[in-house]
Amino acid sequence: MTLPQALAQYGYLAIFISSVLEGESVLILAGFLVHPGYLSLPPVILTAFVGGSLGDQTCFLVGRRYGPLLLLRWPRLAAHKHRIDRLIYLHQIPLIVGVRFLYGARIAGPILIGMSGIPILRFSAFNMLGAAIWAILIAGAGYFFGQTLEWVFADLKHYEGGLLLTLVDGRWR
């Protein structure tokens, strides 16, 4: 199986699975792979949006249902509960939208938010907004990175003869 065949067959599945968990590195790579044509940007963004939304929604529901048991099982999670409760009280909407951008809080954040008593529909709406912003920004960053590399290498190809002559000329002096 060639790389293009593997990406066509498993690329979007890999994006979905990684987006359910953390997913930034795979999503940046997917955005990068859009540029040479291995993947398409709208399905990459849509797949990451769906995976990210479902992952955080699942964590929220786990926190809602099993929160006290999780706090007993993982004391490090319990240590963050009071801080998250305070942030929810002060900045509910920005916290829900932005929790996926906080390194190390992608899974724990929605679990702790689920324990807070925020209505499920409210969380869902702002979670989807955050997932949309996240998918567009991260996939877009990978895409623009690929675009930038193409411009740099295209410029290098254009000037490589002159650069080579300069290096050779400087070496013989």
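Helices here are DSSP runs of H or I with at least four residues, numbered from the N terminus. With that in hand, V26 can be placed in helix α2. The model you are looking at is a predicted one, so please read every value below as computed from predicted coordinates.

Let's start with the overall layout. The chain has six helices and zero strands, and reading along the sequence gives the pattern α-α-α-α-α-α. Of its 173 residues, 35% count as buried.

Now back to V26, a good place to begin a walk through the fold. V26 has a relative accessibility of 29%, and because buried means under 20% and exposed over 50%, V26 counts as partly exposed. Along the sequence, V26 and G142 are 116 residues apart, yet their C-alpha atoms are 9.5 Å apart in space.

Helix α2 makes another long-range contact through an aromatic ring. The structure holds three aromatic pairs, and one of them joins F32 and F145, with ring centres 5.7 Å apart. The planes of F32 and F145 stand at 40 degrees, which falls between the 30 and 60 degree limits, so this pair is tilted. F32 belongs to helix α2 (residues 24–34) and F145 to helix α6 (residues 120–172), so the pair ties together parts that are 113 residues apart in sequence. Both partners are partly exposed: F32 has 26% relative accessibility, and F145 has 48%.

Just before F145 in the numbering comes another aromatic pair, formed by Y143 and F144. Its ring centres are 5.5 Å apart, and with 75 degrees between the planes the geometry is edge-to-face. Y143, at 24% relative accessibility, counts as partly exposed. F144, in contrast, is exposed, because its relative accessible area of 55% is over the 50% limit.

Aromatic rings also meet charges in this model. The charged end of R106 sits over the ring of W134, 4.7 Å from the ring centre. A similar arrangement involves R73, whose charged end sits over the ring of W74 at 5.2 Å from its centre.

What about the interior? In soluble globular proteins, nonpolar side chains tend to be buried together. Here the largest nonpolar core has 15 residues, and the members that touch the most others are L77 and I113. Three helices, α3 (41–73), α4 and α5, each supply at least two residues of this core. Helix α4 gives the largest share, with five residues.

Helix α4 also matters to the next feature, the largest pocket, which has a volume of about 390 Å³. This pocket is lined by 18 residues, and those closest to its centre are R76, L77, H80, G104 and A108. The elements that give two or more residues to the lining are α4 (75–98) and α5 (108–114). Of these, α4 contributes the largest share, eight residues. By chemical type, the lining divides into 13 nonpolar, three polar and two charged residues. L77 is worth a second look, since this residue appears both among those closest to the pocket centre and as one of the two core members with the most contacts to other members.

Between α4 and α5 runs a loop, and R100 lies in it. Is R100 buried or exposed? With a relative accessible area of 2%, R100 is buried. Its C-alpha atom is separated by 7.7 Å from that of A131, which is 31 residues away along the chain.

The last stop is helix α6, seen through two of its residues. I133 lies in this helix and is partly exposed, with a relative accessible area of 34%. The C-alpha atoms of I133 and V97 are separated by 8.6 Å, although the two residues are 36 apart along the chain. A135 is in helix α6 too, but at 0% relative accessibility A135 counts as buried. The C-alpha atom of A135 is 9.3 Å from that of V50, and 85 residues separate the two along the chain.

Technical notes:
Residues numbered from 1 in each chain as written. Predicted model: local features only at pLDDT ≥ 70, side-chain atom pairs only at ≥ 80, totals over all residues. Heavy atoms only, no water. 1 Å grid on protein atoms, 1.4 Å probe; cavity = no way out; pocket = protein on both sides within 12 Å on 5 of 7 lines; lining within 4 Å. Points joined across faces, edges and corners; volume = space filled by probe spheres on them. Nonpolar A, V, L, I, M, F, W, Y, C, P; charged D, E, K, R; others polar. Phe/Tyr/Trp six-rings, centres within 6.5 Å; stacked < 30°, edge-to-face > 60°. Buried < 20%, exposed > 50% of the residue type's maximum accessible area, 1.4 Å probe, protein only. Lys NZ or Arg CZ within 6 Å of the ring centre and 35° of its normal. Core = buried A, V, L, I, M, F, W, Y, C linked by side-chain atoms within 4.5 Å.
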